[in-house]
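Reader: I have a few questions about the open and closed spaces in this model. Please show it first.

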Amino acid sequence: MMGHQRPVRCCRFLLFVTAAVCLGQMVSFVSAASPISEAEREKQEAEARYEAVNGEAEELERKKGEAAALAGRLDKELTGLLTDMDLLETDMDDMTRQIEREEAEYQRAEEKRKRQYEILKKRIQYIYEEGEVTYLDILLKAKTIGDVINGNEYFQQLYEYDRKLITEYEKTKCDAGNRKEALEERQSELYSLRQEYGVREKTLRTMMTEKRTEESDFDLRLKAARAEAGKQAEVIRRRTEDIRLLREEEERRAEEQKRISEAARNEAQWRQSGSQGAQGGPGKTQNGGPGIIRSTGGTEFGRSVADYALQFVGNPYVWGGTSLTSGADCSGFVQSVYRHFGVSIPRTSAEQAGFGREIAYEDMEPGDLVCYPGHVAMYIGGGRIVHARSAKAGIRVDDNPAYRTIVSIRRPW
């Protein structure tokens, strides 16, 4: 038995030694691998920290870009709002001066009407008291054929005098009525301008209240925006003046051509009608219902839009309205017209002045929007516009697109 145990013990010893060696090697391997693992871990942590810091930097950069873009939009919005208010003030001042002129002209026309009315009254009173001279009176009182001729001439002179009195009075009365109508239209339009100015002013005050709490340098931005608005307003005024001069030259040439053509075509009629002359001229308002006025030139789509808009001439102006039949304001009118053709445009005149493509005055076509401070009209061709002008005028056609300061001309499609 003892002999057999010795080899077993020997094997166990060898196994123990082998295990000890292996364990030692493993401990040695683990001990040798630990610095590498630590470095790898530190590297990973460093990379994670770098990614986190880099992400924060990118986020800050993004926020900085958003803040810059927001500030840019704020500056642009402020400048646009202040420019509109500047131009509105100018137009209101111009309108006030026009009202003063219209008032003075109306008063002169009314005084003239009253004087002529008194003269006409006295003449009627004289005829009533003295009895009207008739051909029978002339024939009965005449002793010779010469008396008849002289009496007939006297009768003719009285007739011409009375006819002239009545004609002049009717003309003066009509002129006074037109002056009064023009004065009331100007007053109504000034009221609309003041309404729009109030909206702009309220928007500006709200913006200033909100942004002062958010922007530490808002007052500096506001000052810069006011300076820029003044420059832009001056540029727009000069451009509008250039347009007016261009239009005056166009009207002068058109009127001269019209005069020559009519003189050649209607020479006999001119001789018969005498001082009555041809009706209509530049600056005369042209109103009418469906089918009376049509758009001219441009594209088929633009003419379709303009002709559709012309169907509603004569309908009422209503502040804040969008109904083409029961009432719309200027921007509601053009928005509703374009909605009919599937074109969506903004609601307010200020937004519409920045919508679509900018078009030069010389390139205007039917359907283009002529944008003024606080107002918008649609060009219909032939130097005419259709617009919801004021509560007094309603939706109407006018001959002069440059009757007010033009901010922009836009093509919405």
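Reader: What makes α1 stand out in the lining of the largest pocket?

Author: This is a predicted model. In it, α1 gives nine residues to that lining, the largest share. Other elements that give two or more residues are α3 (145-214), α4 (218-265), α7 (330-339), α8 (349-352) and β8 (408-411).

Reader: How do you know which residues line the largest pocket?

Author: A lining residue has an atom within 4 Å of a point of the pocket. For the largest pocket, 32 residues line the space. Gly80, Asp84, Ala350, Glu351 and Ala353 lie nearest its centre. The space itself is about 930 Å³.

Reader: How do the lining residues of the largest pocket divide by type?

Author: Ten are nonpolar, ten polar and twelve charged. Gly counts as polar, Ala as nonpolar, and Asp and Glu as charged. So Gly80 is polar, Ala350 and Ala353 are nonpolar, and Asp84 and Glu351 are charged.

Reader: Why is the other kind of space called a cavity?

Author: Because a 1.4 Å probe fits there but cannot get out. The structure holds one cavity of 30 Å³ or more. About 70 Å³ of space lies in the largest cavity.

Reader: Which residues line the largest cavity?

Author: Among them are Glu189, Ser192, Leu193 and Glu196. Tyr317, Trp319, Cys330, Gly374, His375, Arg389 and Arg404 also line the cavity. The most, four residues, come from α3.

Reader: What makes four of these residues charged?

Author: Glu and Arg count as charged. Glu189, Glu196, Arg389 and Arg404 are in the lining, so they make up the four. The rest divide into four nonpolar and three polar.

Technical notes: Residues are numbered from 1 along each chain as its sequence is written. This is a predicted model: local features need pLDDT of at least 70, side-chain atom pairs count only at pLDDT 80 or more; totals for chains, interfaces and linings use all residues. Side-chain values use heavy atoms; hydrogens and water are left out. On a 1 Å grid over the protein atoms alone, a cavity is a set of points where a 1.4 Å probe fits but cannot get out, and a pocket is an open set with protein on both sides within 12 Å along at least five of seven lines; lining residues have an atom within 4 Å of a point. Grid points are joined across faces, edges and corners, and a volume is the space filled by probe spheres set on the points.
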